Amino acid sequence: MIDFRYFNDLVFVLTKKDIKSRYKTSVLGYLWSIINPLAFAAIFYVIFQVVMRFDMQNYALFLVTGLFTWQWINNSANAGAMIFIQNASLIKKIIFPRSILPLSIVLQDAFHFLMSVPVIIVLLLIFDKTPSWNWFIGIPILLVIQCTLTYGLSLLLASINLFFRDVEKITGLLFTALFYMTPILFPISKIPEDYRIYILLNPFTPIVIAWRELFIDGIIFSKYTLYSFGYAILFLIVGVVVYRKLRWKFAEVL
């Protein structure tokens, strides 16, 4: 019989440890999770809004909401790919569900994402907008969807990377390319309608748009929320299936 209290405590302890170790020797601590996307937002704002005269209202707010969402996806994927390898000694010495290691990474990045919400609120006020009451419903819903999506992805990458160590390098390159293929720097409305179906094949496009719709327009349920849910379930199923197929050989390759 599964002791869920033990499971929950272990997830909490691992997540807390990851958060502390990440900023152990850092002066600014978790503020780096806010500074980094804000710095990129400033750079892209100057390039597209000031230099190239990209015609779009509230472009800074548009950028920030997309970059905070992407940071969670990117960090969880890249850290998740290495999580089993980095915890090899723990896996060898202690019997516990290995699948919770990627989960601790995802929850750590979820925590940092939530810490960015006050920054979004400030920007909304600067642009004469106000947070919507729909946030109280929408944020928990999208948090669950994105946690599921990134957990399935991280579990998949972590499992495969044990056997094919090139996955770590490929993940970095792939997500650099996906960044420019996701509507973070541009709205999906700028893409000709005949080609929008192709950008929706990118599994991260719907979740970025869903968060942006919620933060800027207060929209909870849209087709992008539904697409995000579909991708989340798909990644979770694939990640769990691959993990279960390979976990019996973990000890041989660690």
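This passage describes the overall fold of the protein, one of its helices and a patch on its surface.

In the predicted model, the protein contains 12 helices and 0 strands, and the order of elements from the N terminus is accordingly written as α-α-α-α-α-α-α-α-α-α-α-α. Of the 254 residues in the protein, 49% are buried, and the accessible surface amounts to about 13800 Å², with 68% of that area belonging to carbon and sulfur atoms. When contacts with a separation of 6 or more are considered, 77% are made by residues 24 or more positions apart.

Helix α5, which comprises residues 100-115, has 16 residues and should span 22 Å at 1.5 Å a residue, a value with which the computed 23 Å between its end C-alpha atoms agrees. This helix is mostly covered, in that 12 of its 16 residues are buried. The buried residues include the run Ile100, Leu101, Pro102, Leu103, Ser104, Ile105 and Val106, and further along α5 they include Gln108, Asp109 and Ala110, together with His112 and Phe113.

On the surface, Tyr45, Val46, Val50 and Val51 make a nonpolar patch of about 340 Å². Among these residues, Val51 lies in helix α2, which is formed by residues 32-51. The relative accessibility of Val51 is 60%, and Val51 therefore counts as exposed, given that the cut-off for this class is a relative accessible area over 50%.

Notes:
Residues are numbered from 1 along each chain as its sequence is written. This is a predicted model: local features need pLDDT of at least 70, side-chain atom pairs count only at pLDDT 80 or more; totals for chains, interfaces and linings use all residues. Side-chain values use heavy atoms; hydrogens and water are left out. Patches are made of residues with over 30% relative accessible area and no salt bridge: like charges are joined within 9 Å, nonpolar side chains (Val, Leu, Ile, Met, Phe, Trp, Tyr) within 5 Å. Accessible areas come from the Shrake-Rupley method with a 1.4 Å probe; for residues, only the protein chains shown count as cover. A salt bridge is a side-chain nitrogen of Lys or Arg within 4 Å of a carboxyl oxygen of Asp or Glu. Helices (H or I, at least four residues) and strands (E, at least two) are DSSP runs, numbered from the N terminus. Buried means under 20% relative accessible area, exposed over 50%, partly exposed in between (1.4 Å probe, protein chains only). The expected span of a helix is 1.5 Å times one less than its number of residues. Contact means heavy atoms within 4.5 Å.
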